[in-house]
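Colleague: I am new to this structure and should be grateful for a close look at one part of it, namely the salt-bridge network and its surroundings. Please place that part within the chain as a whole.

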Amino acid sequence: MWGVSSNPSLSDSSSLSFRSVLNPLPLPNHNTSPSRSSSVAPIQSSLRELRDRIDSVKNTQKITEAMKLVAAAKVRRAQEAVVNGRPFSETLVEVLYNINEQLQTDDIDVPLTKIRAVKKVALVVVTGDRGLCGGFNNFIIKKAEARIKELQGLGLDYTVISVGKKGNSYFLRRPYIPVDKYLEAGTLPTAKEAQAVADDVFSLFISEEVDKVELLYTKFVSLVKSEPVIHTLLPLSPKGEICDINGNCVDAAEDELFRLTTKEGKLTVERETFRTPTADFSPILQFEQDPVQILDALLPLYLNSQILRALQESLASELAARMSAMSSASDNASDLKKSLSMVYNRKRQAKITGEILEIVAGANAQV
């Protein structure tokens, strides 16, 4: 049984003074509000709570690292899909251009190239199916909202064709926005998904329910950059090119291909810039069939290819955004783990030091 010290005030004051010097953590101040930006655990947390929190952060870091690697692998496949489909699209442009050159003097009526007074516009909004990809979905939705306000300011009617689960859920919660159809892009867009969008767009334009169709999607630029863009999908330009709302046609033949490799045990990215070659058509090329029939057959095919290309670019942008978001989340988890470990070690050291001081003070009291 411990004895009672003859000078308890001195013993207590010395013990408190040693604890205040050895404990580097400040005492909580109830008059000041805690900072939201601080990642250090509150001082009131016990050692067990800190251990549980550190373990939770470690598990979260493992999950984000795994999601980062999965997104990196899928980005590579999505890029290959875009690049592999580009020669077909570029060659199709050349065919349409040559047919159009031969039909310049003829008075023909091609429905998909017919320009009429715009009274109603259809907006094809392409979003992702999943979250955890930073501001990818928010950017394209804000772009759509801004375009809707512009159309309303011009006094034009509009309707929306939503492609992607995130966009579908967004427009379902806003019944005041007219939506013609809800579609899903799928984990890997194929011609089947593009055909579903193209059929709806084609029927709306041919039946003259809408006079213009605009495609809103996220263009893949690099692993750290993507751009929400608006392209005029219908009516098609005579050359078969896709142009933006200002009439500027887009040339996406030159691209950067990103190859994911490992260097010194870490994930790295190698960039390779190249331009997809396309065959030149002879000016004396003759068509066996009527050029009008060929044009009627190729324009819907080109429409499908452009929608498929937009879906693929949107998917590549989504995966790149998810890869970047998971990389940032892993880095933040690592920093938080270091901060929590520092707090845990300091509290553990302070607790051990306090126990030693109590033992020493008790032993001195018995003398």
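Modeller: The account below begins with the whole chain, turns to the network, and then follows the elements around it.

The model is a predicted one. Its chain has 367 residues, of which 40% are buried. Six helices and eight strands are found in the chain, and from the N terminus their order is α-α-β-α-β-α-β-α-β-β-β-β-β-α. Among the contacts with a separation of 6 or more, 71% are between residues 24 or more positions apart.

Seven salt bridges are present in the structure. As general background, side chains of opposite charge can pair when their charged atoms come close. One of the salt bridges joins R147 to E150, with 2.7 Å from N to O. R147 and E150 both belong to helix α3, which spans residues 136-153, and because they are three residues apart there, about one helical turn separates them. The two ends of this bridge can be described by their accessibility. R147 has a relative accessible area of 10% and is therefore buried, whereas E150, at 41% relative accessibility, counts as partly exposed.

R147 also forms a salt bridge with E214, and here the closest N and O atoms are 2.7 Å apart. This pair connects distant parts of the chain, since R147 sits in helix α3 and E214 in strand β4, with their positions 67 residues apart. E214 has a relative accessible area of 0%, so it counts as buried. A further salt bridge brings together the side chains of K212 and E214, at 3.4 Å from N to O. K212 and E214 are both buried. Through shared partners, the salt bridges join R147, E150, K212 and E214 into one network.

Strand β4, the strand that holds E214, covers residues 212-222 and pairs with strand β5, residues 225-234, in the antiparallel sense over nine bridges. Two residues lie between β4 and β5, and the two strands form a hairpin. Within this pairing, Y217 has V229 of β5 as its bridge partner. In general, the side chains of a regular strand alternate between the two faces of the sheet.

The backbone on either side of these elements has some points of detail. Most residues other than glycine have a negative phi, and most peptide bonds are trans. E208 has a positive phi of about 65°, although it is not a glycine; E208 belongs to the loop between α5 (191-206) and β4. L132, likewise not a glycine, has a positive phi of about 55°. L132 is placed in the loop between β1 (120-126) and α3, and at 55% relative accessibility it is exposed. After the hairpin, the peptide bond from L234 to P235 is cis, its omega being near 0°. P235 lies in the loop between β5 and β6 (243-244).

Between helix α3 and strand β4 in the chain order, there is a further arrangement to consider. Strand β2 (residues 157-163) pairs with strand β3 (residues 179-183) in the parallel sense, over four bridges. In that pairing, V163 is opposite L183 of β3. Together with helix α4 (residues 165-172), β2 and β3 make a right-handed β-α-β unit.

An aromatic pair can be described next. A search of the whole structure finds one such pair. Y170 and F171 form it, in an edge-to-face arrangement with 5.3 Å centre to centre and 80° between the planes. Y170 is buried at a relative accessible area of 8%, and F171 is buried at 3%. Another ring, that of F205, has R116 over its face, at 4.4 Å from the ring centre.

Finally, L298 offers a view of a helix elsewhere in the chain. L298 is in helix α6, which covers residues 291-366, and its relative accessibility of 16% makes it buried. Beyond its neighbours within four places in sequence, L298 has contacts with L92, V95, L96 and I99. From L298 to V95 the sequence separation is 203 residues, while their C-alpha atoms are 8.7 Å apart in space.

To return to the part requested, the network consists of R147, E150, K212 and E214, joined by salt bridges that share partners.

Conventions: Residues are numbered from 1 along each chain as its sequence is written. This is a predicted model: local features need pLDDT of at least 70, side-chain atom pairs count only at pLDDT 80 or more; totals for chains, interfaces and linings use all residues. Side-chain values use heavy atoms; hydrogens and water are left out. Two strands pair if DSSP finds at least two bridges between them. Rings of Phe, Tyr and Trp (its six-membered ring) pair if their centres lie within 6.5 Å; planes under 30 degrees apart count as stacked, over 60 as edge-to-face and the rest as tilted. Buried means under 20% relative accessible area, exposed over 50%, partly exposed in between (1.4 Å probe, protein chains only). A charge sits over a ring if NZ of Lys or CZ of Arg is within 6 Å of the ring centre and within 35 degrees of the ring normal. Contact means heavy atoms within 4.5 Å. A salt bridge is a side-chain nitrogen of Lys or Arg within 4 Å of a carboxyl oxygen of Asp or Glu. A crossover is right-handed if, with the strands pointing away from the viewer, the path from the first strand over the helix to the second runs clockwise.
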